[in-house]
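Colleague: Please take me through this model, beginning with the cysteines.

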Amino acid sequence: MADLKNKLRVPVERLRRYCRPDELGFETTAEVQPLKDFIGQERAVRAMQFGVTMRAPGYNVYVAGPTGTGKSTYINDVLRWEAVRRDVPDDWCYLYNFADPDQPRSVSLPAGRGKGLQKDMEDLIKDLRVAIPKAFEGEDYEHKKAAIMQELEQEIEKAINGIRREAADYGFLMKQGPQGFYFTPTRDGKKLSVDEYEALPREVQEEMEKAGRALQQKLEDVLSSTRQLEKDTRQKISDLDKQIVLVAAGPLVKKMKEKYEKFPKVLEYLQGILDDIAKNLEQIKPSAAAGMSCDGQNLFDRYRVNLFVNNGEIQGAPVVFENSPNYYNLFGKIEYNTQMGTLSTDHTMIKPGAIHRANGGFLVLQARDVLTDPGVWDTLKRALKNRLCFVENIGEQYRMVPTVSLRPEPIPLNIKVILVGSYQIYSLLYALDEDFQKFFKVKVDFDTEMPRTPENIAHYAAFVGAVCTRENLRHFDRTGLAELLEYGSRLAGNQNKLSTRFNEVIEVVYEAAAWAESENAPLVGSAHVMKAIEEKIYRSSRIEEKIREMMLKDVIMVDTDGEVVGQINGLSVIQLGDYAFGRPSRITASTFMGQEGVVNIERESHMSGSSHTKGVLTLVGYLGEKFAQDKPLRLSARITFEQLYDGVDGDSASSTELYCLLSSLSGLPIYQGLAVTGSVNQKGEIQPIGGVTEKVEGFFNLCRERGLNGRQGVIIPVQNIDNLMLRHEVTQAVAEGKFHIYAVSTVEEGIELLTGVPAGKRDENGRYPEGTVFGLVDARLAGYARGMKDFGPGGAGGGGGCGSGCCPGE
């Protein structure tokens with residue numbers, strides 16, 4: 001037995017990989033050159049470099065990985081580096097559309113020219129406001145207008161005088177009354193009274209009435225021609241006004257046209273301004289109400305330029321990190337003014353979103369935020385598909401009753417989108433959204449660990465030195481950095497790896513530097529790093545201490561000494577946010593005659609996860625191969641985690657449960673000072689598990705509180721030796737022989753350690769030696785088989801065994 005323990009005992013130097021100070025070629029991190037490259041993510045770096053340089057459509061990037069691995073920092077660095085190598089994209093402006101005011105026109109200009117156009121248009125508007133009214137106030141305009149009006153008056157007077165003379169020839173006098181012109185008969189130049197007119201012969205009266213009707217008709221013809229003369233006169237005045245406006249505004253607009261002659265859309269817009277001014281002269285003449293249009297908008301406001309995207313002040317392509325990607329922040333919006341309960345808007349109230357500002361460059365978004373905000377994901381895909389970015393308020397496309405609103409001309413989209421998220425979100429999108437595969441062809445996979453090589457150790461040192469320099473912290477000496485490197489391996493859960501969760505590493509750097517500062521130490525040493533780690537654990541270990549306190553008081557019953565049949569200490573890991581710890585648990589097994597097989601009480605009570613259920617079912621396969629080759633396996637067994645009420649999952653306790661069953665079947669007690677973790681397959685091979693460091697330390701803490709007796713320890717899978725990064729306290733106890741770590745590869749090794757009895761091997765007759773564990777188990781199972789045959793169905797243990805827990809013996 002002693003030989004087996006020595007063989008399986010893990011040497012103390014294998015319990016934690018120490019970093020010797022002489023491995024570090026410097027005295028302090030201040031001597032190390034600052035880190036320039038991103039470390040530990042070669043796969044991610046190559047994928048990212050490919051993704052950002054690939055110009056073909058659909059090669060947008062999804063960056064996958066857990067938080068704290070430096071994704072955001074690296075993305076920012078690589079995009080800034082790539083952006084400065086690219087051309088600055090054009091500015092974009094929205095202009096008033098004279099042909100269709102509801103559809104403002106988009107115009108692109110070289111970077112910086114958009115702001116220039118906006119300022120030039122403001123200056124032009126100021127000049128037009130002064131020049132046009134001034135032109136109408138000049139004497140030349142008044143003289144020309146008066147001449148036109150005088151000509152009209154002369155023409156009208158000439159026509160009226162002609163009718164008046166003709167009326168006199170017919171013996172009528174033409175007069176003007178309140179109702180207009182009328183004719184009255186005369187005799188010898190005198191107006192006839194009614195009596196005098198009635199005294200005239202009937203023939204004379206008829207002749208005069210006939211002449212009067214003819215004169216009235218001619219008068220109406222003259223008045224009709226006068227109205228046409230007035231219309232012609234108004235047209236002449238309008239032409240004069242237009243001529244005056246062209247004289248006033250033409251040179252100003254012409255100057256603008258010369259400046260922007262290379263931009264056809266701007267030239268068309270400037271010509272539209274001239275035509276619009278000529279069309280709306282009455283609104284801008286001095287007598288108009290401050291240039292107000294019929295819809296209440298100042299006429300000159302429509303000539304203003306909306307500088308939608310201004311790239312004049314950036315270097316290279318834009319890089320936009322949108323930390324709050326709701327619909328309006330991402331895709332822009334159309335704002336409204338409220339006046340007297342009425343909403344109004346115009347092209348100057350169109351506001352850009354992040355996708356517009358990033359056009360021609362890179363847009364970085366958090367995948368979770370994009371997916372949780374309504375409408376954002378579908379709108380983003382539509383923009384990438386059409387390669388156009390629209391501006392429309394959310395819900396416009398879903399309105400049952402169409403409303404009048406602006407529909408700005410869309411802008412061509414040339415953008416690289418970088419989504420940052422978890423592996424789970426990537427898998428869901430890839431499986432459930434067929435468009436995701438089309439638009440995000442590049443996956444950048446960030447790992448949480450990197451090999452612990454001399455090169456990466458040097459990079460770690462450079463990283464720590466850069467943080468200390470940047471944040472003005474005390475630098476680390478060799479002992480402090482060595483301790484930090486070991487902590488990096490502990491975070492990675494592997495002696496041959498270093499964690500790339502740099503956020504957690506930086507936290508220890510900050511805190512260790514703070515402890516060094518509190519002691520007024522010039523450098524951060526190993527004691528300061530250990531203090532930072534211990535305090536960090538202490539802040540989060542309240543629940544762990546409460547559970548251990550209940551174990552010490554036997555409220556939660558876990559033995560750490562003595563021997564018991566069918567009882568063993570299992571180990572699990574409890575994760576509480578950023579802190580994980582190992583918890584010992586008592587596992588018990590009861591075996592008896594029957595044919596129900598191994599019943600997992602957690603499964604029957606719906607407290608078992610699928611992985612744990614699989615592990616228990618595997619035990620039956622192992623028992624069948626080992627002990628049911630020459631007889632049927634007539635067995636009923638109950639196995640459970642005692643005092644565990646919040647469910648159990650994972651198969652890391654399957655070997656522990658198997659040892660417990662073997663103890664119950666053989667009648668051999670298990671030493672309670674040993675705890676066990678490890679998975680097992682049907683062939684009896686022990687398989688590796690996770691959280692081995694936390695599990696070992698969890699059982700060690702309990703044994704330490706009760707008092708170490710030199711026999712206690714933990715049995716782990718041999719494959720997990722490299723995953724051990726135990727605390728200094730544990731390795732010291734092992735070095736002093738107070739605690740032990742055993743690594744096993746088979747069930748036989750484990751059961752012999754636990755019981756102190758050889759497991760046993762089949763002889764040439766296929767039988768196990770008497771007195772061995774397997775020999776005792778085989779004899780017990782043979783007895784069960786004979787008993788079932790003697791008792792028949794319905795005998796001990798439930799006989800026919802429905803497996804539902806309702807049979808006798810349950």
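**Cysteines and a strand pair**

Colleague: Is C93 buried or exposed?

Modeller: C93 counts as buried, because its relative accessibility is 1%; the term means under 20% relative accessible area, with exposed over 50% and partly exposed in between (1.4 Å probe, protein chains only). This is a predicted model, in which local features need pLDDT of at least 70 and side-chain atom pairs count only at pLDDT 80 or more, while totals for chains, interfaces and linings use all residues. Residues are numbered from 1 along each chain as its sequence is written, and side-chain values use heavy atoms, without hydrogens and water.

Colleague: How many disulfides does the structure hold?

Modeller: Zero, taking a disulfide as a pair of cysteine sulfur atoms within 2.5 Å.

Colleague: Why does C93 form no bond with C389?

Modeller: The closest cysteine sulfur to that of C93 belongs to C389, and at 14 Å it is too far for a bond. C389 is likewise in no disulfide, since the sulfur of C93, 14 Å away, is its nearest.

Colleague: And C389 itself, buried or exposed?

Modeller: Buried, because its relative accessible area is 1%.

Colleague: Turning to β17, which side chains point to which face?

Modeller: Along strand β17 (residues 442-445; strands are DSSP E runs of at least two residues, numbered from the N terminus), the side chains alternate. V442 and V444 are buried and point to one face, whereas K443 and D445 point to the other and are not buried.

Colleague: In which sense do β1 and β17 pair?

Modeller: Strand β1 (residues 61-64) pairs with β17 in the parallel sense over four bridges; pairing requires at least two DSSP bridges between strands.

Colleague: Which residue of β17 does A64 face?

Modeller: A64 stands opposite D445.
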